[in-house]
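Student: I have a model open on my screen and would like to learn how to read it. Could you walk me through it?

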There are 2 protein chains.
Amino acid sequence: MTTSGFASQARFSAQARLRALQADIMDLILERDLEAGDPLPTENELALALGVGRNTLRESLKVLQALGVVEIRHGFGMFVAPSNFDALADGLTFRGRLSLRHKGGEALELVDVRQALESGLIGSAMDTMTSGQLAAVEESVIRMEELAAAGETFVEADSEFHRRLFEPLNNTLLISLLAVFWKVYRQIHLEVGGGTEDLTETAAVHRRIYEAVAQGDRSLAAERLNHHFDGIRNRITDAINE
Amino acid sequence: MTTSGFASQARFSAQARLRALQADIMDLILERDLEAGDPLPTENELALALGVGRNTLRESLKVLQALGVVEIRHGFGMFVAPSNFDALADGLTFRGRLSLRHKGGEALELVDVRQALESGLIGSAMDTMTSGQLAAVEESVIRMEELAAAGETFVEADSEFHRRLFEPLNNTLLISLLAVFWKVYRQIHLEVGGGTEDLTETAAVHRRIYEAVAQGDRSLAAERLNHHFDGIRNRITDAINE
DNA sequence: AACAGAAGGTGGGACATCCAATATTGTTTG
DNA sequence: CAAACAATATTGGATGTCCCACCTTCTGTT
């Protein structure tokens, strides 16, 4: 091992040592030119190579797993993972729930960020959107309308609508971030808002957004997206005030 | 314990069990109405309460620490943590470095997201910016110019400039995200670009952005921010093509 | 050829034991 | 009496060992 193995001899603070171990593991992946899907050494081999105990190594590995760096499969092995933001979603959800108990500031901050991203990027997305992608967006709207007519909630269709809206940008980081924000919002909404939303109205809002996109009117699409988020923001503030 | 203790008896997949443990800990924090800074039970107490071994508990705690949910202080105790996105930065940095070895796609995606956030929100930030905050922005620009004249790099001043630009929004999530993106970009830049940038030109770009903000011209500020990010994007593509 | 079972290797987990850092307490000392 | 120092209790940090659970693969039977 080249740069590794120093984690145990350093007299750094404990927090720094854990981070150093994580860095060592990531460096090892980079040094060996491993790509997503490639296998890592076994836990025992890694512990030996990095000069730490197996339990200590596992703590770092679990963190890396949570960060979406490695994928751990029981009884099979460990692998370089594809992007994964589930952990970020969990952390943000917790923060949101924690803040809702008092002022709810973080939940609103999250909506603000999501609004900036979606309103700000809808124009670029429309530029490269194909007719097939546009049809997929409408399909999501139709699904929402059908479910609304039947009185059923449409969590999945709603999420899908926003994902398809920005698929043309081919930006996986953006898609992941939006998915995280959507998931966190949904969790917070379930926690406080309950099922008090007007399904038909929500579906109609999405159809109006789709129509603006279909017409190629960038500013109108951005404006209607903003209006959509204003509604979300109001729902959160209402929930905070009980 | 109310909902806890079931983690060990469930025959779920290992991954699900770990996540369940994390959820148990977060639920415990929420149930006990703990706020940021409040102490958690000791490791032994928690392990006993949740019905898992201490090592298993620690693995979850380290993940929660990485997610910024808890703060662990050796020899003192564990506490509910204030927001902390360092771990996310590490994960993203790794992804960026990994992707740079091949096509560099993720690094460019990151710049796109950051550009959307900064260009999209600069207008709102200008609306609520006080004269004091504006002066702080200029102070950062001056620091950059001084350092550029002395031939020294100005990593900290650059980061500070962007942070102060969006401080008026009072959105800690946004500030954290931007800090993460900035840190990741910096790391990637050090990895490949080296110190090949024109310091004086970079400082001048920031001054032009400041001047647009000072004049209250929202569209000009957004445009100059966009230009700034175009330069960053070019630097990355140049680095990829060696 | 197809299926069933055994075997080996992998990660998952629990203890017990010791190390290290921090805060508190008690003692010494001026 | 007060300040400085030292001992101690408490807490997390780290390791080794043992066993369990899961997955793959091989192998032998049907």
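Tutor: Happily; we will go through the two chains, their shared interface, and then the DNA strands.

Tutor: First, this is a predicted model, in which local features need pLDDT of at least 70, side-chain atom pairs count only at pLDDT 80 or more, and totals for chains, interfaces and linings use all residues. Residues are numbered from 1 along each chain as its sequence is written, chains are lettered from A and ligands numbered from 1 in the order in which they are written, and side-chain values use heavy atoms, with hydrogens and water left out.

Student: How is chain B laid on chain A?

Tutor: Two copies of a chain are related by a rotation about an axis and a shift along it. Here, a turn of 180° and a shift of 0.1 Å along the axis lay chain B on chain A with an RMSD of 0.2 Å (a least-squares superposition on the C-alpha atoms of residues with pLDDT of at least 70 in both). The two copies are thus related as by a two-fold rotation axis. The same surface serves both copies, as 100% of the contact residues of chain B recur in chain A.

Student: How many residues of chain B are in contact with chain A, and what area is buried between them?

Tutor: The size of an interface is often given as the accessible area lost when the parts come together. In this model 56 residues of chain B are in contact with 56 residues of chain A, where contact means heavy atoms within 4.5 Å. About 4,800 Å² is buried between the chains, and carbon and sulfur atoms give 61% of that area (buried area is the accessible area, with a 1.4 Å probe, that two parts lose on being put together, summed over both). B:Leu30, B:Glu59 and B:Phe94 supply 14% of what chain B buries against chain A, more than any other three residues.

Student: Which polar links cross the interface of chain B and chain A?

Tutor: Start with salt bridges (a side-chain nitrogen of Lys or Arg within 4 Å of a carboxyl oxygen of Asp or Glu). There are four between chain B and chain A, and one joins the side chains of B:Arg58 and A:Glu59 at 2.6 Å, N to O. For polar contacts, the rule finds 14 residue pairs across the interface, both at pLDDT 80 or more. A polar contact is a pair of N or O atoms within 3.5 Å; within protein, one must be able to donate a hydrogen and the other to accept it, and residues adjacent in sequence count only if both atoms are side-chain atoms.

Student: Which element gives the largest share of the side of chain B that touches chain A?

Tutor: Helices (H or I, at least four residues) and strands (E, at least two) are DSSP runs, numbered from the N terminus. On the side of chain B that touches chain A, α1, α3, α4 (86–100), α5 (105–128) and α8 (172–193) of chain B give two or more residues. The largest share, ten residues, comes from α4(B). By class, that side has 29 nonpolar, eleven polar and 16 charged residues. Ala, Val, Leu, Ile, Met, Phe, Trp, Tyr, Cys and Pro count as nonpolar, Asp, Glu, Lys and Arg as charged, and the others, Gly among them, as polar.

Student: Now the DNA. Which residues come nearest to DNA strand C?

Tutor: A residue is near a strand if one of its heavy atoms lies within 4 Å of it. Of the 25 residues around DNA strand C, the nearest are A:Arg54, A:Arg58, B:Gly53, B:Asn55 and B:Thr56. The side chain of A:Arg54 has an N or O atom 2.8 Å from a base nitrogen of this strand, while a polar backbone atom of B:Gly53 is 2.9 Å from a phosphate oxygen. α3(A) gives the most to the surface near DNA strand C, with four residues. Of the strand's atoms within 4 Å of the protein, 66% belong to sugar or phosphate and the rest to bases.

Student: And which residues are closest to DNA strand D?

Tutor: A:Gly53, A:Asn55, A:Thr56, B:Arg54 and B:Arg58 are the closest of the 25 residues that surround DNA strand D. An N or O atom in the side chain of A:Thr56 is 2.3 Å from a phosphate oxygen of DNA strand D. On the bases, the side chain of B:Arg54 places an N or O atom 2.8 Å from a base nitrogen, and a polar side-chain atom of B:His74 lies 3.2 Å from a base nitrogen. α3(B) gives the most to this surface, with four residues.
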